[in-house]
Amino acid sequence: MKTGAIWSVKAPLSCAAAARSWDLDPRPAARYEITVDRKCFVDRPGVTLHRSKFMDEHDITNREGIDSTSFERTLSDCTTLLSQFQLGRALDNGLRRGVAS
């Protein structure tokens, strides 16, 4: 499902949801999460909403027609969900696959 189909604002997948779209290994538990601007007020049942005042255009990319946070932003968002070892492993995996720089 494309984010534009359910949101009238730019709301990329983020955190655990973005980790799944990037095939992070290991990945956090399955949850539907998006990030919006702090001034945006939307609510959807079953979706965890994160507000950020720092969402640069470089933090958002399109993966198979769905807006998602960049690989690097996703790793940053997952720092509280994964251990330091798991984050290092995910970064190493992303570098080998060419999705991180």
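User: In this predicted model, why are Arg73 and Asp77 said to be joined by a salt bridge?

Analyst: Let's start with where they sit: Arg73 is buried, and Asp77 is buried too. Their side chains come to 3.1 Å, N to O. The cut-off for a salt bridge is a nitrogen of Lys or Arg within 4 Å of a carboxyl oxygen of Asp or Glu, so the pair qualifies. Both residues belong to helix H3, 4 residues apart, about one turn of the helix.

User: How do you know that Arg73 is buried or exposed?

Analyst: The relative accessible area of Arg73 is 14%. Buried means under 20%, so Arg73 is called buried.

User: What makes Asp59, Arg73 and Asp77 a network?

Analyst: Salt bridges link these three residues. Besides its bridge to Asp77, Arg73 meets Asp59 in a salt bridge at 3.1 Å, N to O. That second pair links distant parts of the chain, with Arg73 in helix H3 and Asp59 in the loop between strand E2 (48-52) and E3, 14 residues apart. Asp59 has 18% relative accessibility, so Asp59 also falls under the 20% limit and counts as buried.

User: Why is Asp92 with Arg96 also called a salt bridge?

Analyst: Their N to O distance is 2.6 Å, and the limit is 4 Å, so the name fits. Both lie in helix H4 (residues 84-97), 4 residues apart. Asp92 has a relative accessible area of 37%, between the 20% and 50% limits, so Asp92 is partly exposed. Arg96, at 59%, is over 50% and therefore exposed.

User: Why are Trp22 and Phe71 called an edge-to-face pair?

Analyst: Happily, two values settle that. The ring centres of Trp22 and Phe71 are 5.7 Å apart, and pairing asks for centres within 6.5 Å, so the rings pair. The planes stand at 85°; over 60 degrees counts as edge-to-face, so that is the label. The structure holds 1 aromatic pair.

User: What does the Trp22 and Phe71 pair tie together?

Analyst: Trp22 is in the loop between helix H2 (15-21) and strand E1 (33-37), while Phe71 is in helix H3 (residues 71-77), so the pair ties together parts 49 residues apart in sequence. Trp22 also has a charged neighbour: the charged end of Arg63 sits over its ring, 3.9 Å from the centre.

User: What makes Glu64 unusual?

Analyst: Most residues other than glycine have a negative phi. Glu64 is not a glycine, yet its phi is positive, about 55°. Glu64 is found in the loop between strand E3 (60-63) and strand E4 (66-69). Its relative accessible area is 81%, over the 50% limit, so Glu64 is called exposed.

Note on methods: Residues are numbered from 1 along each chain as its sequence is written. This is a predicted model: local features need pLDDT of at least 70, side-chain atom pairs count only at pLDDT 80 or more; totals for chains, interfaces and linings use all residues. Side-chain values use heavy atoms; hydrogens and water are left out. Helices (H or I, at least four residues) and strands (E, at least two) are DSSP runs, numbered from the N terminus. Buried means under 20% relative accessible area, exposed over 50%, partly exposed in between (1.4 Å probe, protein chains only). Rings of Phe, Tyr and Trp (its six-membered ring) pair if their centres lie within 6.5 Å; planes under 30 degrees apart count as stacked, over 60 as edge-to-face and the rest as tilted. A charge sits over a ring if NZ of Lys or CZ of Arg is within 6 Å of the ring centre and within 35 degrees of the ring normal.
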